[in-house]
Amino acid sequence: ESSSGGGRERRVFLARKVDVLSRGLALNPASEVLLLARLAAQEELLFPSEIAAEYEAAVSALPGSVAVHMGKLAFLSRRVAGFGVNAMREAGAEAVRALAGRAEAAAAGGEPAAAVDAAQRAALLLLLRASYTERASGHAERAVALLQAAVEMNLYCPPALRGAAVAARGEAFERFWESDAPKAGEAGARGWSYF
């Protein structure tokens, strides 16, 4: 009985903690620290599907937050019963797209170089996490391909496409990627800009 009483006390404590953190978030909705603390407390109170929905809401509320995206990826990787490489792949791609878009918007909006650099580093961090997840799940070729594509797109982008929107660059890059041309790190590679 003492263990069930302790469990009940823990749930009451966590429910209070979630309530306090929720009130804090109502006053400061952009706080990553409060949001992640609430999600951590909720993980012990809610069903996994409910936590997944909470992470989706968190990503929607703070789409440019590296910490929130990393928290979501960590949650997905901890869910043994619901773990799937495809779900991780989709979540990782969504995170990289969001942060790459944030970096592009920061650059286009004339934000300070430090803000642009921070957004680019965040996207790179998430790309590395995605690559690691691919490798750890037995997809070593895909892990290498992610990094090769990032190098090609960012270091060997044709001059005519450097100022183009991501979608336009993506279409042109796809033609290069699907070709037999050697990619970064392969023998004879010259880069996308020479394709």
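Trainee: Why is Glu94 called partly exposed?

Mentor: The relative accessible area of Glu94 is 27%, and the scale calls a residue buried under 20% relative accessible area, exposed over 50% and partly exposed in between, with a 1.4 Å probe and protein chains only. Since 27% falls between those two limits, Glu94 is partly exposed. This is a predicted model, in which local features need pLDDT of at least 70 and side-chain atom pairs count only at pLDDT 80 or more, while totals for chains, interfaces and linings use all residues. Residues are numbered from 1 along each chain as its sequence is written, and side-chain values use heavy atoms, with hydrogens and water left out.

Trainee: What makes the pairing of Lys72 with Glu94 a salt bridge?

Mentor: The closest N and O atoms of Lys72 and Glu94 are 3.3 Å apart, and a salt bridge is a side-chain nitrogen of Lys or Arg within 4 Å of a carboxyl oxygen of Asp or Glu, so the pair qualifies. Lys72 belongs to helix H4 and Glu94 to helix H5, so this salt bridge ties together parts that are 22 residues apart in sequence. Here helices (H or I, at least four residues) are DSSP runs, numbered from the N terminus. Lys72 itself is buried, because its relative accessible area is 5%.

Trainee: How do you know that Arg23 and Asp19 meet in a salt bridge?

Mentor: Their side chains come to 3.0 Å, N to O, and that value satisfies the rule, so the salt bridge between Arg23 and Asp19 is counted. Both residues lie in helix H1, which covers residues 2–27, and they stand four residues apart, about one turn of the helix. Arg23 is partly exposed at 49% relative accessible area, and Asp19 is partly exposed as well, at 41%.

Trainee: Which residue forms a salt bridge with Arg142, and how do you know?

Mentor: The partner is Glu134, with the closest N and O atoms 3.9 Å apart, so this pair also meets the rule. Arg142 is partly exposed at 41% relative accessible area, whereas Glu134 is buried, with a value of 5%. Elsewhere, salt bridges that share partners join Glu56, Lys72 and Glu94 into one network, and the count for the model comes to nine salt bridges. Glu134 is found in helix H6, and, leaving aside neighbours within four places in sequence, Glu134 is in contact (heavy atoms within 4.5 Å) with residues including Val85, Arg89, His139 and Leu146.

Trainee: What makes Leu27 exposed?

Mentor: Leu27, found in helix H1, has a relative accessible area of 77%, and because this value is over 50%, Leu27 counts as exposed. The C-alpha atoms of Leu27 and Ser77 are separated by 31 Å, with these positions 50 residues apart along the chain.

Trainee: Which residues have the most contacts inside the largest nonpolar core?

Mentor: They are Leu35, Val68 and Leu99, in a core of 20 residues. The elements that give two or more residues to this core are helices H2 (32–43), H3 (48–61), H4 (66–78), H5 (85–108) and H6 (113–136), with H4 supplying the largest share, five residues. Apart from this core lies another, of seven residues, among them Ala149, Cys157, Phe173 and Phe176. The name nonpolar core stands for a set of buried Ala, Val, Leu, Ile, Met, Phe, Trp, Tyr and Cys residues joined through side-chain atoms within 4.5 Å.

Trainee: Why is H2 called roughly parallel or roughly antiparallel to H4?

Mentor: The axes of H2 and H4 come within 10 Å and cross at roughly 15°. That makes H2 roughly parallel to H4, because angles under 35 degrees count as roughly parallel, over 145 as roughly antiparallel, 65 to 115 as roughly perpendicular and the rest as oblique. The axes are lines fitted to C-alpha atoms, for helices over the stretch in contact, and the angles run from 0 to 180 degrees between N-to-C directions. Among the residues that meet are Leu35 and Leu36 in H2, and Val68 and Phe75 in H4.

Trainee: How do H2 and H3 pack, and what is that arrangement called?

Mentor: H2 and H3 pack at an angle of about 170°, with their axes 10 Å apart, and because that angle is over 145 degrees, H2 is roughly antiparallel to H3. The contact includes Leu35, Arg38 and Leu39 of H2, together with Ile51, Glu54 and Tyr55 of H3.
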